[in-house]
Amino acid sequence: MTTAEPVAIGEHLVGADQPVYVIGEIGLNHNGDVEIAKQLVDVAAEAGAQAVKFQKRTPEISTPAAQRDQIRQTPWGEMTYLEYRYRVEFGREQYQEVARHAAARGLQWFASPWDVPSVEFLEELDVVTHKVASASVTDHELLRALAATGKPIILSTGMSTLEQIDAAVEIVGTERLVLMHATSTYPLPPEEANLRMIHTLQDRYRVPVGYSGHERGLQISIAAVALGAVAVERHITLDRTMWGSDQASSLEPSGLQHLVRDIRIIEQAMGDGVKRVFPGELAPLSRLRRIGA
């Protein structure tokens with residue numbers, strides 16, 4: 001199989017034979033608090049991740065009409081779902097503060113825009129790349145706006161058919177595209193992980209393919225790297241018991257540290273597929289092998 005060319009995301013190359021690009025998905029786990037967001041940036045930096053990711057919405061556009069007036073119980077009291085969406089959304093000054101903190105910690109930051117005004121918002125902040133959430137794969141207006149930026153695009157493929165992914169890839173192009181295999185079940189049961197889709201996506205689109213995971217634990221993400229995933233994205237949290245829909249399927253600080261540690265070990269262990277006698281084998285060979293070649 002022909003290996004896809006790496007995609008440059010700022011100073012990082014994402015692709016085969018490059019370090020796995022680890023993204024700490026903060027999403028809305030900051031609960032609208034910049035200080036929590038900065039603490040989560042610290043968690044990602046201390047674990048050795050390369051990037052953190054947020055979600056950016058224009059709530060009156062991206063909130064489904066049927067849900068806007070539904071009443072939600074929140075830590076800030078009872079409010080409509082639309083009011084809640086505004087409550088947890090960061091504005092320009094907050095994102096600028098987060099961006100400065102990420103840069104100081106040596107991390108890239110970007111977001112999943114959920115509507116066209118959010119693309120424009122993120123472009124004004126000069127994000128290094130854009131992420132397409134699985135929910136947005138069929139939003140062709142959004143995809144066209146993202147393609148027009150000329151920035152690299154990371155596109156998650158959860159809750160999508162191959163035909164829907166085909167249509168999305170047709171719009172955004174393959175020149176600066178990283179696909180992420182994903183299954184959008186929260187939390188993800190192992191029988192729905194379908195990790196062999198990593199190879200299916202590699203063969204079909206000839207672009208770098210990563211893995212965006214929502215499972216509990218580390219095993220599935222580590223297996224994805226062994227199967228060739230060039231990027232791994234996992235939700236991160238300070239504490240899985242915090243309020244919020246993504247917290248329970250997120251990694252706490254020690255979990256992210258262990259994940260990055262294990263990914264780097266797997267990278268070293270993969271090798272090049274060329275059989276050789278390694279230096280460490282010479283002493284056992286002389287001691288244990290009775291008959292030479």
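Which residues does the UniProt annotation "domain: PseI/NeuA/B-like" cover? According to that record, an unreviewed entry, the domain takes in residues 40–275. In the predicted model examined here, the C-alpha atoms at the two ends of this span are 43 Å apart. Helix makes up 41% of residues 40–275, and strand accounts for 18%.

It helps to begin with the chain as a whole. The protein chain holds 11 helices and 12 strands. Its radius of gyration is 21 Å, close to the 19 Å that the globule rule gives for 293 residues, so the chain is as compact as a globular protein of that length. Measures along the principal axes add some detail: the C-alpha trace spans about 80 × 40 × 40 Å. Of the 293 residues, 50% count as buried. The surface that the chain exposes comes to about 14000 Å², with carbon and sulfur atoms supplying 50% of that area. Contacts across the sequence can be described as well: among those between residues at least 6 apart, 66% join residues at least 24 apart.

Attention now turns to helix α1, which runs over residues 34–47. The helix contains 14 residues and reaches 20 Å from its first C-alpha to its last, close to the 20 Å expected at 1.5 Å a residue. At the N-terminal end of α1, Asp33 acts as a cap, with a side-chain oxygen placed 2.8 Å from the backbone nitrogen of Glu35. Just after the helix, Gly48 adopts a positive phi of about 100°.

Most of α1 is covered, with 11 of its 14 residues buried. Among them are the hydrophobic-looking names one might look for in the viewer, including Val34, Ile36, Leu40, Val41 and Val43, but Lys38 and Asp42 are on the list of buried residues too. Several alanines are also buried, namely Ala37, Ala44, Ala45 and Ala47. The partners of these buried residues come from several elements: they pack against strands β3 (21–27) and β4 (51–56), and against helices α4 (92–104) and α10 (253–270).

Helix α10 also borders a loop of interest. Asp239 sits in the loop between β12 (231–235) and α10. Asp239 is partly exposed because its relative accessible area is 30%, a value between the 20% under which a residue is buried and the 50% over which it is exposed. Leaving aside residues up to four places away in sequence, Asp239 touches Gln247 and Glu252. Asp239 and Leu251, 12 residues apart in sequence, are separated by 8.3 Å in space, C-alpha to C-alpha.

Notes:
Residues numbered from 1 in each chain as written. Predicted model: local features only at pLDDT ≥ 70, side-chain atom pairs only at ≥ 80, totals over all residues. Heavy atoms only, no water. Helix = DSSP H or I, 4+ residues; strand = E, 2+ residues; numbered from the N terminus. Expected span 1.5 Å × (residues − 1). Buried < 20%, exposed > 50% of the residue type's maximum accessible area, 1.4 Å probe, protein only. Contact = heavy atoms within 4.5 Å. Polar contact = N/O pair within 3.5 Å; in protein donor to acceptor, adjacent residues only side chain to side chain. UniProt positions renumbered as here; feature names shortened; annotations may be inferred. Rg over C-alpha atoms; globule rule 2.2 N^0.38 Å. Areas by Shrake-Rupley, 256 points an atom, 1.4 Å probe, with all protein chains shown as cover.
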